[in-house]
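User: I would like to learn how to read cavities and helix faces in a protein model. Where should I begin?

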Amino acid sequence: MSDRSDAEPCLRTIIAAFATLSLALSTGVLAQTSGWYVGVEGGINALDDAENRSRTPDTFNPGTDETCQLEIPGLACIVPETGQPASSTPGETQISESRFKDGLAIGLTIGRRYQSGARPELGLTFRENDFESIVLQTGFGNQNGTTVTPVDGRVRAMGLMGNFWYDMATGTLFEPYVGAGIGFRQIELGGGDANARDASDDSDTVFGWQAGAGATFWLTEMLSLSLDYRYVGSENPSFKTSQRQPLSSEYAAQSLDIGLRYVFSPDAPRDTDGDGVPDYKDRCPGTPPGVTVNERGCPVDSDGDGVPDHLDKCPNTPQGVVVDKDGCPLDSDGDGVPDHLDKCPNTPQGVVVGPDGCALDSDGDGVPDYLDKCPNTPAGVKVDTQGCPLDLDGDGVSDDADQCPGTPAGAEVMTDGCAVGQSQVLSGVTFEFNSARLNPNARELLRLTAQTLIESPRFRLEIQGHTCDLGGDSYNLKLSQQRAESVRNFLVSQGVDAGRLEAMGYGESQPIVPNASEADRELNRRVALKVLSK
């Protein structure tokens, strides 16, 4: 068990090392004020569950003598030893787990902020959490696994930490930071009845550490507000009960802190390049002498083209125009249309272009006239690289209208490009939930399908209904049959010869993808048309 006096030389060493580090750090450029500061912080402290290792007294008469099976120093007896048979034996090792309520964390800091982003700091912190419950795990006999609640008491931790943070300059009032720290932490148990007698020891001073990340928002050049997350750890503290029995525990916590820092001794502003803007504000260090700069220390660029006025040969370029190194608008392809107006900046030399700089495309098929070998293609038809309509399977139906691409060569097809033996899913044909009633949008789509069938009177078709795997097999088979018949009836109502149509339900027997997700099941719930014969 640590003694408080043993930690004093180590604490002095940490303070001396902290001061030495502060004096040794170099300076650089940062967005806000550097110098010595003081701060206050506070927040929520969430203490992790702690495993306790304890031991029953070495000598007692189990089940008879009045003793305590589990005592947390500074608290009441958590588990008294009562009854027959005895719950434990003398000198028995016991393991329990403490659980805690969220508590508070507060602190005072003093540190130095450097223009390089380094921020060493010395902090005094206080953390407190109330016990919530204690779970008896081993060594408690028939009480193993029992949760004791409520537990009247708390854990306090007073720490002295040497921290090192690094502020990441963003050029704005908002700056993220990361860091870590080491030091000592005095951990104390308390809040119960009079068990904290002279024989007990309810506090221990141990080595501690922390790491965290957060963000700073500068309210003024001297005052900043911060919000950060920290993970706090330490060596396992050790205690002694009123019966002089050892008890070891753990201390680890997570906290969300908000803080205020005030720079009480700011560094004298430096202006290395002599442009009138101090370095901690200067976003453009090294500006040549005599150049006019803005409030951020950067050369003035009146037209905002990225070329400062002292180098700009075209100082009145419109906003957003891409310019060359002299600040003049570009015409990369030499088509007579400057790049800021040119929507096709890589036009080949000699090609006739419109006012937007793009080669003319008279039929609007996406192939410019100088490459288009089919210059009068109807609007909306997919074309190849030469501007001619695509018909990859050669069935006489252009690909943009072909519902069955890949038809065998020479096969006679319907007006939608489907031949005998081929089928197509009627995308968008859906039904009301658990019903064969068509949704309104499905009716509109089926009217187009009916027109295709009327235009191809020689073909017979099967209307196929399919479902996903939700529901029973017989129910899905019946529902798919009803939906197929509903589509058939609608097509007949639109003028399709009923003798050309067959309705067949397949239930869940023919999925097109595994029913692994709701999206997959949606694909499997479908209606398809299969060409049977002509």
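Analyst: Begin with a term: strands are DSSP runs of E, at least two residues long, numbered from the N terminus. Keep in mind that this is a predicted model.

User: How many cavities of 30 Å³ or more does a search of the whole structure find?

Analyst: The search finds seven. The largest cavity has a volume of about 110 Å³. Its lining has 16 residues, and Glu41, Glu121, Ser226, Arg230 and Arg261 lie nearest the centre.

User: Which strand gives the most to the lining of the largest cavity?

Analyst: Strand 15 does, with five residues. By class, this lining has seven charged, five nonpolar and four polar residues.

User: What classes of residue line the second largest cavity?

Analyst: Eleven nonpolar, three polar and one charged. The volume of the second largest cavity is about 100 Å³. Strand 5 (93-100) and strand 10 (174-190) each supply at least two residues of its lining.

User: Now the helix. Why would buried residues line one face of a helix?

Analyst: An α-helix has 3.6 residues a turn, so residues three or four places apart point the same way. In helix 2, the buried residues are Ala442, Leu446, Thr449, Ala450, Thr452 and Leu453. Seen down the axis of helix 2, they fall within an arc of 160°, so they line one face.

User: Which exposed residues sit on the face turned away from the buried side of helix 2?

Analyst: Pro440, Asn441 and Leu448. The cover over the buried residues of helix 2 includes strand 17 (460-466) and helix 3 (473-493).

Key. Residues are numbered from 1 along each chain as its sequence is written. This is a predicted model: local features need pLDDT of at least 70, side-chain atom pairs count only at pLDDT 80 or more; totals for chains, interfaces and linings use all residues. Side-chain values use heavy atoms; hydrogens and water are left out. Buried means under 20% relative accessible area, exposed over 50%, partly exposed in between (1.4 Å probe, protein chains only). Helices (H or I, at least four residues) and strands (E, at least two) are DSSP runs, numbered from the N terminus. The arc is that of the directions from the helix axis to the C-beta atoms. Contact means heavy atoms within 4.5 Å. On a 1 Å grid over the protein atoms alone, a cavity is a set of points where a 1.4 Å probe fits but cannot get out, and a pocket is an open set with protein on both sides within 12 Å along at least five of seven lines; lining residues have an atom within 4 Å of a point. Grid points are joined across faces, edges and corners, and a volume is the space filled by probe spheres set on the points. Ala, Val, Leu, Ile, Met, Phe, Trp, Tyr, Cys and Pro count as nonpolar, Asp, Glu, Lys and Arg as charged, and the others, Gly among them, as polar.
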